[in-house]
Amino acid sequence: MSTTTDADPEQSAGLAKPGALARLFAPIRPYLIVCGTLSALSAAAGIVPYIAAAEIARIMLDDPAGSAAAVWTWVGVGAAGAALWLVLLVQSSRVGHYADAAILHSLRTRIVRHLGALPLGWFRSVGSGRVKRAMTGDLEEMHEVIAHALGQLTGAVTVMAVAAGYLFFVDVPMALVVLAVLGLMGISYRVSMRSMTAHVNRLITAEGRISAASVEYADGIQVVKAFGTGGQVMRRFDDAVDEYAEAFAAWVSEVRYSSAMTRLLGSEMAVLTAVTAAGSVFIAHGSLTVAGLVAFLVVAVGLPASVLPAVSAAQGVRKGRMGAANIERLLSRPPLPEPDRPQVPARHDVELDHVSFTYDGKTRAVEDVSAVCPMGRVTAIVGPSGAGKTTLASLLPRFYDVTSGSIRIGGVDVRSIPSAELLRSMSLVFQDVALLRDSVAENIRIGRPGADDAAVRRAAEAAHVHDVIERLPDGYDTLLDAGGGRLSGGERQRLTIARAILSGAPIVVLDEATAALDPDSEAAVQDALATLATGKTVIVIAHRLHTIAGADQILVLDRGRLVERGAHDELLARDGLYARMWAAQEGVLA
Ligand SMILES: Nc1ncnc2c1ncn2[C@@H]1O[C@H](COP(=O)(O)OP(=O)(O)OP(=O)(O)O)[C@@H](O)[C@H]1O
């Protein structure tokens, strides 16, 4: 099967799939066409007042005494052009923003729905930065394209076309001079942009990495602080910043002359100088009138200011393409397959039948594990670090699907159980199950939305956390931060156990805390677990063996394989891996 891991989504961010933007924008194409057309018409109308001013100058210079009617006609045309420019600009912006809001809403909805259908294992493997970037940065790029870049590009092209048409109408040689200056600017721009694709891809990829690492940094600030700057996240952040700085320096040093030249040639000064110089020569030769020169001074000198926004718009489109490719890549992640013929199990014993799983298609994190975890019993999974305990437990709620073999609940393959039903049938008390930024009561109520206050309180009492909650400043209404800040490790665990007790799910999958708790906390957590486990199928991933010595069945994993099974005494008598681990831990504890 294709695993749900994404090799390195950030790394591939630079490889924009051609056409991604067009595909994502397909639903709003008609609006974009209307918006582009209105922008073009608005830009064309916007240049009319300049042309009118130039025409008035020509009329008055040629014949100052006469043609008042013609002058007033041009004044009217100029005013109409200005009014039309404004009306069309507002309409184009209205349509653009409508299309923008519609597509962003639709993309956000699609992304959120898709995220809801993706296997949880995918989120674990890519980290939250990638998901947040799709919802913020990538969508922001789309907004830039629709709301700004599209109008700027069509506007610039139209202004160029209309202005060039008028200038050629007034005087061909002078128009050629202006075009030559702008053409040289274009050539110098192309030279400075020649290596742009590689550099910009590198810059944008590095930018993406910086933002992903920043999000991870903020999310894991406690860990980062505890370990100083040596943490992996900090290193990733530093690397991304270095990479950005390097890419930027390389780009700047390569394009410094050509981009300075582009700026110079694309400035009003350059056009003004060229027009005045060439105009003087042509006037001296008698091939141009002063009135003709004035027309060029009025219309041509402002051209660079109208064309330059197209440069940043082109940049916006380039970024938009990458954002679109990122979003498309996210949307193309295969969702968790839902069963064709859904079944709901009547019993809740868990059966592992020759289960194997690989993350990377090569090494097997779990290999050919078969076992039965009966209802009403506690099954512990133990083994050295990296043995595959967490992986095996993650296969039960389908964070990942098995590579081969099957997992059955009450005889029904987990892949045949609708995912919502499957998750409802399990309480997951994992170490990294986060608390939400909400009140204590709501954090417990997640276990059974709609449960009344009395039920929440009973669950807290059963989980031995009620007294702790009562001592909080606002009791059950106390707001927790996302990490559960003001609660100790043992208290947080008991809160998640209360949540699981409230849910009443018949299967409990529990990842025991790796960090040792103080003896009082440990005892409270054990009591809470005993309450939770009553009458349920309990599967515990255990790191400290003495907490599961009383389990009905212990599965011992080593390098993905099930190497021993039995109760504590049987395993000690066998004198194998379990006995060695026990001796090692007891030795440490003694
Ligand atoms: N998301 C992942 N992507 C790729 N490989 C992974 C992933 N998670 C775990 N592994 C690998 O799978 C193997 C089993 O890891 P797992 O976390 O299941 O072991 P474990 O017994 O729970 O270890 P520990 O006691 O240290 O938590 C290890 O070799 C680990 O490096």
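1. Start with Val145 and find its neighbours. Setting aside residues up to four places away in sequence, Val145 touches Leu21, Phe25, Leu150, Gly316, Val317 and Gly320. Val145 itself sits in helix H5, which runs over residues 128-170. Buried or exposed? With a relative accessibility of 8%, Val145 counts as buried, because the cut-off for that word is under 20%. Also look across to Asp100: its C-alpha atom is 9.0 Å from that of Val145, although the two are 45 residues apart along the chain. Keep in mind as you click around that this is a predicted model.

2. Now zoom out to the whole chain. What does its secondary structure come to? You should find 22 helices and ten strands. The chain has 590 residues, and 47% of them are buried. Here is a number to think about: take the contacts between residues at least 6 apart in sequence, and 78% of them join residues at least 24 apart.

3. Next, try a pair of helices, H2 (residues 29-62) and H3 (residues 68-117). Their axes are 7 Å apart and the packing angle is about 160°. An angle over 145 degrees counts as roughly antiparallel, so that is the word for H2 and H3. The crossing of H2 past H3 is left-handed. Which classes of residue make up this contact? There are 26 nonpolar residues, eight polar ones and one charged one where H2 meets H3.

4. Compare that with a second pair, H6 (residues 172-193) and H10 (residues 268-284). These two pack at about 155°, and their axes are 10 Å apart. That angle makes H6 roughly antiparallel to H10. The H6 and H10 crossing is right-handed. On the H6 side, the residues to click on are Pro173, Met174, Val177, Val178 and Val181, and they meet Ala270, Val271, Ala274, Val275, Ala278, Gly279 and Phe282 of H10. Sorted by class, the contact between H6 and H10 has eleven nonpolar residues, one polar residue and no charged ones.

5. A word on the database record. The unreviewed UniProt entry carries the annotation "transmembrane region" for residues 31-51, 71-90, 145-168, 174-192, 264-284 and 290-311. What does the model show for two of these stretches? Residues 174-192 are 100% helix and 0% strand, with the end C-alpha atoms 27 Å apart. For residues 290-311 the share is 82% helix and 0% strand, and the end C-alpha atoms are 33 Å apart. Please keep the two sources apart in your write-up: the label comes from the UniProt entry, while the helix content of residues 174-192 is computed from the model.

6. Val255 is worth a quick stop too. Look for Val255 in helix H9, residues 232-265. Val255 counts as buried because its relative accessibility is 9%. The C-alpha atom of Ser188 is 9.9 Å from that of Val255, with their positions 67 residues apart along the chain.

7. Then go to Asn443, a residue of helix H16 (residues 440-445). How accessible is Asn443? The figure is 1%, so Asn443 counts as buried. Leaving out residues up to four places away in sequence, Asn443 touches Leu435, Leu436, Asp438, Leu480, Leu495 and Arg499.

8. Ser425 is a loop residue, placed between helix H15 (419-424) and strand S6 (426-429). Don't assume that a loop residue must be exposed: at 9% relative accessibility, Ser425 counts as buried. Its contacts, apart from neighbours within four places in sequence, are His348, Ala505, Pro506 and Ile507.

9. Last, check two backbone angles. Asp368 is not a glycine, yet its phi is positive, at about 50°. Asp368 lies in strand S2, residues 364-373. With 38% relative accessibility, Asp368 counts as partly exposed. His464 is not a glycine either, and its phi is positive at about 55°. Where does His464 sit? You'll find His464 in the loop between helix H17 (453-462) and helix H18 (466-471). Its relative accessible area is 37%, so His464 is partly exposed.

Conventions: Residues numbered from 1 in each chain as written. Predicted model: local features only at pLDDT ≥ 70, side-chain atom pairs only at ≥ 80, totals over all residues. Heavy atoms only, no water. Axes fitted to C-alpha atoms, helices over the stretch in contact; angles between N-to-C directions. Helix = DSSP H or I, 4+ residues; strand = E, 2+ residues; numbered from the N terminus. Parallel < 35°, antiparallel > 145°, perpendicular 65-115°, else oblique. Left-handed = near helix turned anticlockwise from the far one by under 90°. Contact = heavy atoms within 4.5 Å. Nonpolar A, V, L, I, M, F, W, Y, C, P; charged D, E, K, R; others polar. Buried < 20%, exposed > 50% of the residue type's maximum accessible area, 1.4 Å probe, protein only. UniProt positions renumbered as here; feature names shortened; annotations may be inferred.
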